[in-house]
Amino acid sequence: CAGKSGGFSTVTNNTAKPELQHTIAMPGDAWSVTADPGRQYAYVACWDAGLAVVDVTTTPPSVVATVDTLTYAVSTCVADTLLFLGTSNQYVVNGELQILSISDPLNPRHLATVPNCLPWGMSYIDGGLYVAALNLKIIAFEEPAHPSVVEEVGLTGQAKRGVLATDDLCYVPIGFSYDGPYPSGAAHMQF
């Protein structure tokens, strides 16, 4: 679990009786966490401290690498050997999507940046990254170093805080707008 508290916790995956196993300090406020496909490393967006790589196979888990993102890290998503990292300015009104290679998990390597994209939530399916930003953006990665926005869907309010893409639907929670309040709720679209 990651929370805006500067810590990282592991909890047993037992729905009948989940138990806190460990809590470790992070280099900054922990905003988002995702794991690699092999479940050996967790990647934690740590606000002004950038990205932390946590070895989750040790007891307790430990931070084994950090990456300076030059901006504020707010969200993470992993697909195979790619790490998608959402970053923001300190006022959380402008940002970008950074694409990193994690083929060497302890040394994430920057591949590309998608500007003017503040990813609050991301979901990867079938070669496309669905990004909840001010609108829903769909980004293709035929070549990871050359991502392209293939579609952008305007939504009422702001598509923030998350997105879930499935085989035929995309679910996006809709929040508020800086231009005025909109009703909260969830939108879903068929693609």
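The following exchange works through a predicted model of one protein chain.

Trainee: How many helices and strands are there in the protein chain?

Mentor: The chain has 191 residues, and 47% of them are buried. Among contacts between residues at least 6 apart in sequence, 36% join residues at least 24 apart. As for secondary structure, the count is zero helices and 17 strands.

Trainee: What share of the accessible surface belongs to carbon and sulfur atoms?

Mentor: Start from the total. The accessible surface of the chain comes to about 9,800 Å². The part belonging to carbon and sulfur atoms is 49%.

Trainee: Which strands stand at the edges of the open sheet of four strands?

Mentor: The order in this sheet is 3-4-5-6, with antiparallel pairing. An edge strand has a single partner, so one of its sides is left without a neighbour in the sheet. From one strand to the next, the twist averages 25 degrees. The edge strands are strand 3 (32-35) and strand 6 (62-67).

Trainee: What is the bridge partner of Ala42 in strand 5?

Mentor: Strand 4 covers residues 41-45 and strand 5 covers residues 51-55. They run antiparallel and are joined by five bridges. Ala42 has as its partner Val54.

Trainee: Where is the cis peptide bond at Pro60 found?

Mentor: The bond joins Thr59 and Pro60. Its omega is about -5 degrees. Pro60 itself is found in the loop between strand 5 and strand 6.

Trainee: Which elements give two or more residues to the largest nonpolar core?

Mentor: This core has 15 residues. Phe84, Leu97, Ile99, Met122, Leu129, Val131 and Ile139 touch the most other members. The elements giving two or more residues are strand 7 (72-79), strand 8 (82-88), strand 9 (95-101), strand 10 (109-114) and strand 12 (128-132).

Trainee: How many residues are in the other core?

Mentor: This core lies apart from the largest one. Its members include Tyr43, Val53, Ala73 and Ile102. Its count is 13 residues.

Trainee: Which residues does Leu97 touch, not counting residues up to four places away in sequence?

Mentor: Leu97 is one of the core residues that touch the most other members. Leave out residues up to four places away in sequence. The list is then Phe84, Leu85, Ala112, Thr113, Val114, Cys117, Pro119, Met122, Leu129 and Ile139.

Trainee: Is Lys137 buried or exposed?

Mentor: Lys137 belongs to strand 13 (residues 136-140). Setting aside residues up to four places away in sequence, it touches Asn116, Cys117, Leu129, Tyr130, Val131, Glu151 and Glu152. The cut-off for burial is under 20% relative accessible area. Lys137 has 11% relative accessibility, so it counts as buried.

Trainee: Which backbone oxygen lies 3.1 Å from a polar atom of the side chain of Lys137?

Mentor: Look at the loop between strand 10 and strand 11 (121-125). The residue there has a positive phi of about 55 degrees, although it is not a glycine. It is exposed, with a relative accessible area of 58%. The oxygen belongs to Asn116.

Trainee: Is Asp80 buried or exposed?

Mentor: Asp80 lies in the loop between strand 7 and strand 8. Its phi is near 55 degrees, a positive value in a residue other than glycine. The cut-off for exposed is over 50%. At 57% relative accessibility, Asp80 counts as exposed.

Trainee: Which residue in the turn between strand 11 and strand 12 has a positive phi?

Mentor: These strands pair in the antiparallel sense over five bridges. The bridge partner of Ile125 in strand 12 is Gly128. The strands form a hairpin with two residues between them. The positive phi, about 50 degrees, belongs to Asp126.

Trainee: How many of the five residues of strand 11 are buried?

Mentor: Burial means under 20% relative accessible area. By that cut-off strand 11 is mostly covered. The number buried is four.

Trainee: How many Å apart are Leu155 and Leu134, C-alpha to C-alpha?

Mentor: Leu155 is found in the loop between strand 14 (148-153) and strand 15 (164-165). At 17% relative accessibility, it counts as buried. Leu155 and Leu134 are 21 residues apart in sequence. In space, their separation is 8.1 Å.

Technical notes
Residues numbered from 1 in each chain as written. Predicted model: local features only at pLDDT ≥ 70, side-chain atom pairs only at ≥ 80, totals over all residues. Heavy atoms only, no water. Pairing = 2+ DSSP bridges. Axes fitted to C-alpha atoms, helices over the stretch in contact; angles between N-to-C directions. Core = buried A, V, L, I, M, F, W, Y, C linked by side-chain atoms within 4.5 Å. Buried < 20%, exposed > 50% of the residue type's maximum accessible area, 1.4 Å probe, protein only. Contact = heavy atoms within 4.5 Å. Polar contact = N/O pair within 3.5 Å; in protein donor to acceptor, adjacent residues only side chain to side chain. Areas by Shrake-Rupley, 256 points an atom, 1.4 Å probe, with all protein chains shown as cover.
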